[in-house]
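This report looks at cysteines, at a short stretch of sheet and at internal space, and it is meant to be read with the model in view.

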Amino acid sequence: MKVLMLQSYYGGIGYWRFETPAKALTEAGVDVFCPSADAINKLTEQAGSFAAYLDMNVPRYDLVHCGYNPKLDVAKVLLETCRRHKVPLIVDLDDNLDAIPTYNAGWSSFYPGSTGQRVTKTFLKHADHVTFSTSTLAKALSYLNPNHTVLENWVNVDGWDHPTPPERALDKGVRLMITGGKGRYGDWEILHEPLESLMRTYPQLRLFFLGATPDWVEQWMSSSSDPAANRAFYLQSTHNVPLFNQLVRYVSPDIIISPTTKNVFNASKSPLKFYEASLAGAAFVCTDFDTYAIAPNDCCLRVDNTPTQWREAISALIDDSHRRDRLVDRAKSWVLANADIKDHIMDRITLYEQVVREAKCRLSPPPVGLEVSSAPEAN
């Protein structure tokens, strides 16, 4: 079986939804081509256009699996090319398009009635099959296409095999990390009061923001020339996920936290930050919400979104390094045993085989002499 994977958003979720599965599929013996952003741009330039590239290459594959796309010209050419060459098209979705909060950057492209939302929903409706990242998301948006399957996000364990500088062991302070882009500002406001209190109480506490920084941490970033004088640090965001993993391992945080606003959008999201913290060797604290329901209770600390609970949970881990170590050991053991993509890749292979088989049956002409009639439409 030959599979063409085309990402819509490179880095970040594209890594989880396409690059990680592509690697596992290849190791399982499936012929997969999952081009990077640079590669697809070069191939498009060589072909003359994206449409020309697809027209020349789609016939070489048994199916195409792509990300959802709000651009009409891209969605249209993908649908038309796959139909013309009779190659089934699977479209992947990892966001609840009906519930994007206004504080999320994606709202400007997918607000109700927007062109982006209408194009994406039409794209999903006409695909041969749709894959969702969580069962909650599938339940919410299954009305878009009756042919759908949940393919959860699982980890590439080898992707976290990066060194930590030896001098990290000399730092006796406590490093707390928060990762995410500016779309998380609405979630991070939950931390404003508890982190200010913790920074007053624990002079050894250092904050590391990877991807974005709320303005209220500026008070701990007073020096631009002497890093040792600061207690909060910003690491530039990157779409290169292996580099992101290297940055996390370089900092080697003691604690990673993920505050989550309790809304429908976040309920549909994957527990990626729990996986990341586990493999980074950090104790994980999160909002007690559907997003992290998969994480066992003895592998993390769950809190309600109150300043007191956030402050007390983080305080408990700052005060007790042995408790941090126990959480890390349990979480890593659970992730290795339950969330390694190598142990789940057959679900994806089985789906691909099913979609290809159904497409062949649907597109094959009926035997000579057999009359085929369509069922009457419902009134």
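Two strands are said to pair if DSSP finds at least two bridges between them. The model shown here is predicted, and in it strand β5 (residues 129-132) is joined to strand β6 (residues 148-150) by three bridges, the two strands running parallel. Within this pairing, V130 stands opposite H148 in β6. Between these strands the chain passes from β5 through helix α7 (residues 135-141) to β6, in a β-α-β crossover that is right-handed.

Strand β5 also pairs with strand β4 (residues 89-93), again in the parallel sense, over four bridges, and here D92 is found opposite T131 of β5. Strand β5 is covered on both faces, with H129 and T131 buried on one side, and V130 and F132 buried on the other.

The two pairings of β5 can be set side by side as follows.

| Strand paired with β5 | Bridges | Sense | Residues standing opposite |
|---|---|---|---|
| β4 (residues 89-93) | four | parallel | D92 and T131 |
| β6 (residues 148-150) | three | parallel | H148 and V130 |

D92 appears again in the lining of the largest cavity, which is formed by S8, Y9, I13, G14, R17, F18, G67, Y68, D92 and D94. A search of the whole structure for cavities of 30 Å³ or more finds one, and the largest cavity holds about 80 Å³ of space. Helix α1 (residues 13-27) gives the most to this lining, with four residues, and, sorted by class, the lining consists of four nonpolar, three polar and three charged residues.

How many disulfides does the structure hold? The structure holds zero disulfides, and two cysteines illustrate this in turn. For C66, the closest cysteine sulfur is that of C82, and because the two sulfur atoms lie 7.4 Å apart, they are too far from each other for a bond; a disulfide would require the pair to be within 2.5 Å. C66 is also buried, with a relative accessible area of 1%. C286 likewise takes part in no disulfide, the nearest cysteine sulfur, in C300, being 4.3 Å away. The side of the question that concerns accessibility is answered for C286 as well, since this residue is buried with a relative accessible area of 0%.

How values were computed:
Residues numbered from 1 in each chain as written. Predicted model: local features only at pLDDT ≥ 70, side-chain atom pairs only at ≥ 80, totals over all residues. Heavy atoms only, no water. Buried < 20%, exposed > 50% of the residue type's maximum accessible area, 1.4 Å probe, protein only. Right-handed = clockwise from strand over helix to strand, strands pointing away. 1 Å grid on protein atoms, 1.4 Å probe; cavity = no way out; pocket = protein on both sides within 12 Å on 5 of 7 lines; lining within 4 Å. Points joined across faces, edges and corners; volume = space filled by probe spheres on them. Nonpolar A, V, L, I, M, F, W, Y, C, P; charged D, E, K, R; others polar.
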